[in-house]
Amino acid sequence: MAIATFGPLLVWESKALSLGSILLNLAAGAGMIVANKNYLMGVDEMQRKIQLEAMALALGVALVFGLAYSTADVADLIPFDAEIAHVVFAVCAAYGLGIFLGIRRYQ
C-alpha cells in the first residue's frame, strides 16, 4: 500500500508504474486471502469457530458502520470527510474484539 500510495507522489510520475504497483498490491491481497483460508483449514474446530465468528462481526461492522459513516458524510452530519482508513480501523478493532471475546467464551 505504501508503494502504491506514495510512489506516484514522491518517486515517479508514470501512470504505468502506478498501475503496476496497484496490481502488485492486489496480487499480495489475493495471496493474503489464500493464506488466511489455508490457515483456517489447518486450525482445530474451536479456533476456526472463534475466527469465523470474529470475521462475521468484522463484516457486519464494515457494512453497517461503513454505510452509516458514508451516509453521514454525504448528509453533512459530520464536520470532516469520511475516510476509508476510519472504516478499516473500525473493522480491525471489531475483529480483534471478536477474537478476544471468542477466546474468553471458550476458555
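This is a short dialogue on reading features in a predicted model.

Colleague: Let's begin with salt bridges. How many does the structure hold?

Modeller: Look for a side-chain nitrogen of Lys or Arg within 4 Å of a carboxyl oxygen of Asp or Glu. The structure holds two such salt bridges.

Colleague: Which residue forms a salt bridge with Lys49?

Modeller: Glu53 does, and the closest N and O atoms are 3.1 Å apart. Both residues sit in helix H3. They are four residues apart, about one turn of the helix.

Colleague: And where does Arg105 come in?

Modeller: Its side chain meets that of Glu53 in a salt bridge, at 2.6 Å from N to O. This pair links distant parts of the chain. Glu53 is in helix H3, Arg105 is in helix H4, and 52 residues separate them. Salt bridges that share partners thus join Lys49, Glu53 and Arg105 into one network.

Colleague: How do I read exposure for these three?

Modeller: Use relative accessible area: under 20% is buried, over 50% is exposed, and in between is partly exposed. Lys49 counts as partly exposed because its value is 40%. Glu53, at 29%, is also partly exposed. Arg105 reaches 52%, so it counts as exposed.

Colleague: Now helix H3 itself. What span does it reach?

Modeller: Compare the end-to-end distance with the expected rise of 1.5 Å a residue. H3 covers residues 45-74, 30 residues in all. From first C-alpha to last it reaches 43 Å, close to the expected 44 Å.

Colleague: Which residues of H3 are buried?

Modeller: Ile50, Gln51, Ala54, Ala58, Gly66, Tyr69, Ala72 and Asp73. The buried residues of H3 pack against H2 and helix H4, residues 84-105.

Colleague: What follows H3?

Modeller: Check the backbone phi there. Asp76 follows H3, and its phi is positive, near 55°.

Colleague: Let's move to Ser21. Is it buried or exposed?

Modeller: Ser21 is buried, because its relative accessibility is 10%. Ser21 lies in helix H2, residues 15-42. For packing, set aside neighbours within four places in sequence. Ser21 is then in contact with Ile3, Ala4 and Trp12.

Colleague: Last topic: surface patches. Which residues form the nonpolar one?

Modeller: Phe6, Leu9, Leu10 and Val11 form a nonpolar patch on the surface. Together they have about 490 Å² of accessible area.

Colleague: Where is Phe6 placed?

Modeller: Phe6 is in helix H1, residues 2-11. At 47% relative accessibility, Phe6 counts as partly exposed.

Key
Residues numbered from 1 in each chain as written. Predicted model: local features only at pLDDT ≥ 70, side-chain atom pairs only at ≥ 80, totals over all residues. Heavy atoms only, no water. Patch = residues over 30% accessible without salt bridge, like charges linked within 9 Å, V, L, I, M, F, W, Y side chains within 5 Å. Areas by Shrake-Rupley, 256 points an atom, 1.4 Å probe, with all protein chains shown as cover. Helix = DSSP H or I, 4+ residues; strand = E, 2+ residues; numbered from the N terminus. Buried < 20%, exposed > 50% of the residue type's maximum accessible area, 1.4 Å probe, protein only. Contact = heavy atoms within 4.5 Å. Expected span 1.5 Å × (residues − 1).
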